[in-house]
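Here is a short set of exercises to work through with the model open beside you. Try each task before you read its solution.

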Amino acid sequence: MVESVGEKVEKLKAGDVVIPTYVGECKACENCTSGKTNLCETYPMSLTGTMADGTSRMSVRGERLYHSFTCSTWSEYTVVNAAYVLKIDPRIALSHASFISCGYTTGFGAAWKETKVEKGSAVAVLGLGAVGLGVVEGARARGAARVIGIDKNEKRSEKAKVFGATDFINPTNYDKSISELIKDLTEGKGVDYAFECTGAPNLLNEALESTKLGKGVTVAIGAAKPTVQINFLSLLCGRGMKGSIFGGIKPQSDLPVIVDKCINKELQVGELLTHEVTLEDLNKGFELVKQQNCLKVLIKI
């Protein structure tokens with residue numbers, strides 16, 4: 001919620017319910033008007049940990065702190081550039097709102113907006129955390145005929161079905177590679193789209209190998225090491241690969257649509273919430289995320 005605004009802020013006021021975002025949208029730059037990307041040139045994703053003027057507005061016991069991805073959402077009060085804030089419909093449950101500025105929306109958007117999965121497609125999702133489950137629901141919303149969820153946590157099987165998965169693979173139960181297991185379920189052809197949601201470098205090649213020869217597309221969502229080796233022959237044979245930031249979602253144009261879908265109960269965002277902790281018990285939250293039944297921990301401030 002907005003506590004106060006600066007003198008040049010025009011579209012926000014004290015009391016507004018907002019979501020901080022780590023990408024902006026000016027609607028006028030080359031990228032914003034291209035229809036090809038959500039990475040605004042005027043308000044780019046910041047990795048410096050500071051405001052646009054190079055300063056930090058946060059400190060603790062005299063020590064300078066940094067604005068993580070411009071958001072700093074684990075603090076009780078923070079200063080955010082108005083270009084990285086979206087005013088939202090206050091009817092949305094605040095717990096749901098807290099899940100859709102990254103994580104789930106990154107996955108949902110990757111299938112729903114970034115790739116626009118076609119009706120009848122076969123989709124594989126490697127990693128069924130909040131991002132992966134978002135992909136599952138995005139693929140379902142686009143009309144995918146088959147959505148294969150892959151995770152070594154057996155407890156994700158039932159949760160994946162809630163979001164729209166048709167099949168589940170626990171690769172630790174088999175002696176085959178993940179790409180082979182996916183092809184076993186698709187008559188040896190592979191899938192139209194594979195989404196790698198874990199950031200594990202070896203799984204990026206497994207995702208690539210699991211797609212259809214000549215036309216399959218792999219989308220890298222999970223944060224991986226800066227340099228990853230890729231099987232060049234797979235690319236040479238017509239398979240494609242692309243990265244995705246925030247699932248291709250534009251914060252001003254697309255995020256309000258997702259908010260409306262949450263309000264209208266079209267999306268299963270509430271199923272992500274498994275635990276709650278107070279800010280004082282934050283360390284307990286880090287322990288909870290190690291449990292197999294944990295998806296999202298809500299931090300109450």
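Two strands are said to pair if DSSP finds at least two bridges between them. Keep that cut-off at hand for the first exercise, and bear in mind that this is a predicted model.

**Exercise 1. Decide how β9 and β10 are joined, then place them in their sheet.**

Step 1. Find strand β9, residues 217–220, and count its bridges to β10: there are four. Since pairing asks for at least two bridges, β9 and β10 count as paired, and they run parallel.

Step 2. Pick one place to look at this pairing: V219 stands opposite K242 in β10.

Step 3. Now widen the view. The sheet is open and has six strands, ordered β7-β6-β5-β8-β9-β10, with parallel pairing. At its edges are β7 (167–169) and β10 (240–243), each of which pairs on one side only. On average, neighbouring strands of the sheet are turned by 20° against each other, direction ignored.

**Exercise 2. Check the length of α4 and describe its surroundings.**

Step 1. Start with the expected span. The twelve residues of α4, at 1.5 Å a residue, should span 16 Å. The end C-alpha atoms of α4 are 16 Å apart, so expectation and model agree.

Step 2. Place the helix. α4 lies across β5, β6 (146–150) and β8, and runs at about 170° to β5.

Step 3. Is α4 mostly covered or mostly open? It is mostly covered, with nine of its twelve residues buried. Among the buried ones are L133, V135, V136 and E137. The elements that cover them include α3, β5, β6, α5, β8 and β12 (296–300).

Step 4. Look just past the helix: α4 is followed by G143, which has a positive phi near 95°.

**Exercise 3. Find the residues that touch the most others in the largest nonpolar core.**

Step 1. This core has 47 residues, and I100, F195, I258 and L272 touch the most other members. Elements that give two or more residues to the core are α3 (103–114), β5 (122–126), α4 (130–141), α5 (156–163), β8 (193–196) and α9 (255–263).

Step 2. Follow one of these residues. Leaving aside residues up to four places away in sequence, I258 touches I100, T105, F108, W112, I249 and L267.

Step 3. Apart from this core lies another, of 13 residues, including A124, L181, I182 and V191.

**Exercise 4. Examine two lysines with positive phi.**

Step 1. Recall the usual case: most residues other than glycine have a negative phi.

Step 2. K27 is not a glycine, yet its phi is positive, about 70°. K27 sits in the loop between β1 (18–20) and α1 (30–34). Its relative accessible area is 53%; the cut-off for exposed is over 50%, so K27 is exposed.

Step 3. K265 also has a positive phi, near 60°. The loop that holds K265 joins α9 and β11 (273–278). With 70% relative accessibility, K265 counts as exposed.

**Exercise 5. Compare the whole chain with a compact globule.**

Step 1. For 301 residues, a compact globule would have a radius of gyration near 19 Å; the protein chain has 20 Å, which agrees.

Step 2. Add the overall extent: the C-alpha trace spans about 60 × 45 × 40 Å along its principal axes.

Step 3. Finish with the make-up of the chain, which has ten helices and twelve strands, while 47% of its 301 residues count as buried.

Note on methods:
Residues numbered from 1 in each chain as written. Predicted model: local features only at pLDDT ≥ 70, side-chain atom pairs only at ≥ 80, totals over all residues. Heavy atoms only, no water. Core = buried A, V, L, I, M, F, W, Y, C linked by side-chain atoms within 4.5 Å. Buried < 20%, exposed > 50% of the residue type's maximum accessible area, 1.4 Å probe, protein only. Contact = heavy atoms within 4.5 Å. Axes fitted to C-alpha atoms, helices over the stretch in contact; angles between N-to-C directions. Expected span 1.5 Å × (residues − 1). Rg over C-alpha atoms; globule rule 2.2 N^0.38 Å.
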